[in-house]
Amino acid sequence: MAALQPVRGTRDILPDEARQFRHIVDTGRAVCARYGFEEVATPIFEFSEVFRRTLGDTSDIVTKEMYSFTDKGGDDVTLRPEGTAGVARMLISGGLSQNLPLKLFYNGPMFRYERPQKGRFRQFHQIGVELLGVPEPAGDVEAIAMGAAVLDALGVAGNVTLELNTLGNAASRAAYRDVLVAYFTVHADALSEDSRARLARNPLRILDSKEEGDRRIVEGAPDFADSLDAESSEFFAAVRDGLDAVGIAYVLNSRLVRGLDYYCHTAFEFTTDALGAQGTVLAGGRYDGLVEQMGGPHTPGIGWAAGIERLALLAGEAPDAPRPIAVVPVGGDVERDALTLAETLRRAGFMVELGYRGNLSRRLKRANRLRARAALILGPEEVARGAVTLRDLDSGDQEEVALTALTERLSPYR
RNA sequence: GCGGGUGUAGCUCAGUUGGUUAGAGCACUAGAUUGUGGAUCUAGGGGUCGUGGGUUCAAGUCCCAUCACUCGCCCCA
């Protein structure tokens, strides 16, 4: 118990869970491919500056959650806390702004130094997409529809709700921020300690407070809609109209805000109440200013990310493992023949388990535990006749099959 | 970073007001069955009771500390 343990917030992924993870990633990749998205990979660590520049110095991720260290060459590097910054950096480093629009899918581990709890880990895994170079609201609609399609393909669509909001363009957001700060400053004495801190750092976040006292004050706060300029309102209307057109249901949530500074216009989250305190399953939004902020050319973007662990909790049982054929040598000196047979079948594309030790009974028991569909029993008599005994482990039927006819006869078990 | 809960076999757990040698089910190994699996029966292996200290004639049980896990807050996928 007090033996070697993995680092807090990290965990081992055993075969059953690994199969489920693979299923989630494969499903995400396949669904997104239908929208023309191709997989990319960026390094799992970057210069710390990449995240500091994009996430903003005030975000919690930067101030307390980054896994940063100095490497042997003296560089300040950070394990990526999310995927968008790395993709944006890739676009700049590779001069990919010549190839817009870019439609990218990625998956892999992310790292945040947090206290672990249900559905939250220090090393966790995400699938995500980024659509770069598309300023039109159609891009937002496509990204959201693609997220919905992934959740649907994973069978979790029934457990989630799509929440939608707009943060407006930069001008609207700044205007709203001013109005909001003015309002909350008046009521500062009544706000919780956390929210007073937010007032200076990230006032939009107060809207999302869970403190009851804060909520009463939030009730009377100015509405974002009143601060939206014409461009922002029209953009949001176009996104909603597009979602209606493709039949994707959503609820408007004016308190839905983003922790990361580079978001603008569309913000959305697919949420659930089945994961304890972690309600968000798949979330994203538009980030038109990000690439420019990192020193690249102005490049609009929209994307989302989904936590694989959270999807796995919702998706339930992993798909069944593939079922092998068991080669079972028995009696006499046939081990060598069994080895040859197993290898021949593997080269022909079959999944084959070889029984290593014990009597026939024991080896069949083991074949059964491996969920084998069939056993190929090979003893001196079969070897003498150039045949094997094929036993179907589901039905119990068995027959002798000549080696020359074996691959043909086994095709139903492939 | 802050608060609550829980630590007994590989897993799920029982263990009385502190009392002699710490148990069960599942799983595992072997046998009944040296050429027939799933079921059953029998036997067996497996424990520093998370760790360290304290109280006591006596601690799995009570106290303190510590570590881990877990749930929540903050924040977020």
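These are my notebook entries on what I looked up in this structure.

**Entry 1: the whole chain**

I started by reminding myself that this is a predicted model. I looked up the overall build of chain A and got 15 helices and 16 strands. Next I checked how far the C-alpha trace reaches, and along its principal axes it spans about 95 × 55 × 45 Å. How does the radius of gyration of chain A compare with that of a compact globule of 414 residues? I found 28 Å for chain A, while the globule would come out near 22 Å.

**Entry 2: domains**

I wanted to know how the chain is divided up. The domain assignment gives two entries for chain A: domain 1 takes in 15–169 + 229–315, and domain 2 takes in 325–413. I noted that domain 1 is written as two stretches of the chain. Then I looked up the distance between the domain centres, taken over C-alpha atoms, and it is 49 Å.

**Entry 3: inside, outside and charge**

How much of chain A is buried? I read off 47% of its 414 residues. The area that chain A exposes is about 20,600 Å², and carbon and sulfur atoms supply 50% of that. I also looked at contacts between residues with a separation of 6 or more, and 68% of these link residues 24 or more positions apart. For charge, I wrote down 48 positive and 59 negative side chains in chain A. The centres of those two sets lie 8 Å apart.

**Entry 4: helix 11**

Helix 11 got an entry to itself. It runs over residues 308–315, and six of its eight residues are buried, so the rest of the structure largely encloses it. Which residues are the buried ones? My list reads I308, E309, R310, L311, A312 and L314. I liked that E309 and R310 are on it. Next I asked what does the covering, and the answer includes helix 1 (15–33), strand 6 (123–132) and helix 5 (137–153). Strand 10 (280–286) and strand 11 (301–307) are part of the cover too. Just after the helix comes G316, and its phi is positive, at about 75°.

**Entry 5: T272**

I moved on to T272, which sits in the loop between strand 9 and strand 10. Is T272 buried or exposed? Its relative accessible area is 9%, so it falls under the 20% cut-off and counts as buried. Setting aside neighbours within four places in sequence, I found T272 in contact with N159, V160, G279, V281 and L314. That ties in with my last entry, as L314 is one of the buried residues of helix 11. I also tried a pair that turned out to be far from contact: T272 and L191 are 81 residues apart along the chain, and 28 Å separates their C-alpha atoms.

**Entry 6: backbone oddities**

I went looking for a cis peptide bond and found one joining L100 and P101, with omega at about 0°. P101 belongs to the loop between helix 4 (84–93) and strand 5 (102–111).

Then I checked positive phi values in residues other than glycine. H265 has one, near 50°. This residue is in strand 9 (residues 264–271), and at 4% relative accessibility H265 is buried. R371 has a positive phi as well, near 65°. I placed R371 in the loop between helix 13 (360–369) and strand 14 (374–378). With a relative accessible area of 33%, R371 is partly exposed.

**Entry 7: V179 and K210**

My last two look-ups were single residues. V179 is in helix 6 (residues 170–186) and is partly exposed, at 37% relative accessible area. What does V179 touch, leaving out residues up to four places away in sequence? I found P222 and S227. V179 and S227 are 48 residues apart in sequence, yet their C-alpha atoms are 8.4 Å apart in space.

K210 lies in the loop between helix 7 (193–201) and helix 8 (212–219). Its relative accessibility is 71%, which is over the 50% cut-off, so K210 counts as exposed. I finished with the distance from K210 to D26: 184 residues along the sequence, and 36 Å from C-alpha to C-alpha.

Conventions: Residues numbered from 1 in each chain as written. Chains lettered and ligands numbered in written order. Predicted model: local features only at pLDDT ≥ 70, side-chain atom pairs only at ≥ 80, totals over all residues. Heavy atoms only, no water. Domains from an automatic or database assignment. Helix = DSSP H or I, 4+ residues; strand = E, 2+ residues; numbered from the N terminus. Rg over C-alpha atoms; globule rule 2.2 N^0.38 Å. Buried < 20%, exposed > 50% of the residue type's maximum accessible area, 1.4 Å probe, protein only. Contact = heavy atoms within 4.5 Å. Areas by Shrake-Rupley, 256 points an atom, 1.4 Å probe, with all protein chains shown as cover. Lys, Arg positive; Asp, Glu negative; His and termini not counted. Charge placed at Lys NZ, Arg CZ, Asp CG, Glu CD.
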